[in-house]
Amino acid sequence: MASESMTAADYIKHHLQNLTSLSDVTEGQGLKNIADFSFINIDSLFFSILLGVVGSYLLYRAAQRATSGVPGRFQAAVEILFEFVDDMCKSIIPNEESRKVVAPVGLTLFVWIFLMNAMDMLPVDALPRAFQGMTAEHHALLRVVPTADLNVTLAIAIGVLLMCIYYSIKIKTLRGWGHELVSAPFGAKLAPANLLLNIMEFLSKTVSHGMRLFGNMYAGELVFLLIALLGGAWASTGSVSLIDPVLFVFHIIAGLAWAIFHILVITLQAFIFMALAFVYIGQAHDHH
């Protein structure tokens with residue numbers, strides 16, 4: 001728990017707030033506010049960039065160490081993942097030239113989102129406490145799961161939308177895509193309705209793409225916080241009742257069970273996001 005006076009609701013609310021000012025890190029330790037970015041979630045930005053670099057480095061190392069002989073475990077794992085992503089891309093996107101770009105993008109999305117999701121496996125208080133310092137009276141505001149931040153998931157979804165628009169123009173030409181926007185699906189006589197419908201389709205696909213990942217990871221983060229409260233309440237107050245050891249044991253069992261299940265969740269959500277990206281980009285290649 002963050003402090004003795006903090007209630008369960010305060011604890012959860014505290015952990016669901018993002019770091020937007022560096023003064024939040026050093027509050028109570030004598031250091032003044034040296035940066036205030038109230039419109040930017042600094043923690044989400046930091047961890048998403050850091051994990052993007054880590055994921056890129058891992059893929060780079062796998063490519064550098066690739067050998068035609070007997071592969072090591074790491075190379076074999078990356079090769080299996082690469083072939084899986086490449087086969088899925090081939091089954092959805094018919095254009096071979098497009099696949100040269102889209103398949104690596106899909107692989108990058110999967111690895112990057114998986115790493116961001118996997119941050120949810122860390123103990124909820126570990127990094128905030130380490131970031132603030134063990135002598136602090138309270139935790140720093142620090143959310144370490146970037147995909148539990150709607151800003152991050154929508155930003156990635158918007159990136160996929162931009163790729164869809166790019167390939168729509170590349171495959172159909174700007175004139176052809178523009179004609180499709182005003183003529184499909186009801187014909188040119190209903191051009192305003194067609195344009196509005198197509199714009200709404202692009203927006204709804206993008207919003208649902210980002211919201212699906214955010215919703216699942218936000219819910220998973222919230223469950224971990226609730227499980228943490230089971231075993232942390234008596235430890236923070238120092239008082240022990242007959243039911244507290246039972247709650248602590250249940251906390252361990254529930255935490256283990258949810259962590260095992262969550263391994264599937266973080267992998268599945270990364271796969272679904274990548275698969276939907278392929279589907280949406282593949283739709284940009286279709287002619288109406």
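**Figure 1. Burial and overall make-up of the protein chain in this predicted model.** Of the 288 residues in the protein chain, 41% are buried. The chain contains nine helices and zero strands, and its elements, read along the sequence, follow the pattern α-α-α-α-α-α-α-α-α. Among the contacts with a separation of 6 or more, 72% join residues that lie 24 or more positions apart.

**Figure 2. The largest nonpolar core, with 42 residues.** Within this core, the residues with the most contacts are Val102, Phe273, Phe278 and Ile281. Two or more residues are given to the core by each of helix H3 (42–64), helix H4 (73–92), H5, helix H7 (150–183), helix H8 (191–237) and helix H9 (244–283), and the largest share, ten residues, comes from H9. When residues up to four places away in sequence are not counted, valine 102 touches Cys89, Ile93, Met163, Tyr167, Phe278 and Ile281. In soluble globular proteins, nonpolar side chains tend to be buried together.

**Figure 3. The two sides of helix H1 (residues 8–15).** The buried residues of this helix are Tyr11, Ile12, His14 and His15. These residues lie on the same side of H1, because they cover an arc of only 160° around the axis. On the other side of H1, the exposed residues are Ala9 and Lys13. A second, separate core of six residues includes Tyr11 and Ile12 from this helix, together with Leu16 and Ala228.

**Figure 4. Isoleucine 12 and its contacts from helix H1.** Isoleucine 12 has a relative accessible area of 16% and therefore counts as buried. Leaving out residues up to four places away in sequence, isoleucine 12 touches Leu222, Leu225, Leu226 and Leu229. Although isoleucine 12 and leucine 225 are 213 residues apart along the chain, their C-alpha atoms are separated by 6.5 Å.

**Figure 5. Aspartate 120, a buried residue without a salt bridge.** This residue lies in the loop between helix H5 (96–118) and helix H6 (126–132). The nearest side chain of opposite charge, that of arginine 143, is 8.3 Å away from aspartate 120. The side chain of aspartate 120 does, however, reach the backbone nitrogen of glutamate 221 at 3.4 Å. Apart from its neighbours within four places in sequence, aspartate 120 is in contact with Val145, Met217, Gly220, Glu221, Phe224 and His262.

**Figure 6. Three of the five salt bridges found in the whole structure.** Glutamate 97 and lysine 100 form a salt bridge in which the closest N and O atoms are 3.7 Å apart. These two residues are separated by about one helical turn, because they are three residues apart in helix H5. Glutamate 97 is partly exposed at 48% relative accessibility, while lysine 100 is exposed, with a relative accessible area of 56%. A further salt bridge joins the side chains of glutamate 180 and lysine 172 (2.9 Å, N to O), and here glutamate 180 is buried at 13% relative accessible area, as is lysine 172 at 8%. In helix H8, lysine 205 and glutamate 201 are four residues apart and so are separated by about one helical turn, and their side chains meet in a salt bridge (3.9 Å, N to O). Lysine 205 counts as buried at 15% relative accessibility, whereas glutamate 201, with a relative accessible area of 37%, is partly exposed.

Key. Residues numbered from 1 in each chain as written. Predicted model: local features only at pLDDT ≥ 70, side-chain atom pairs only at ≥ 80, totals over all residues. Heavy atoms only, no water. Buried < 20%, exposed > 50% of the residue type's maximum accessible area, 1.4 Å probe, protein only. Arc of directions from axis to C-beta. Lys, Arg positive; Asp, Glu negative; His and termini not counted. Salt bridge = Lys/Arg side-chain N within 4 Å of Asp/Glu carboxyl O. Polar contact = N/O pair within 3.5 Å; in protein donor to acceptor, adjacent residues only side chain to side chain. Contact = heavy atoms within 4.5 Å. Core = buried A, V, L, I, M, F, W, Y, C linked by side-chain atoms within 4.5 Å.
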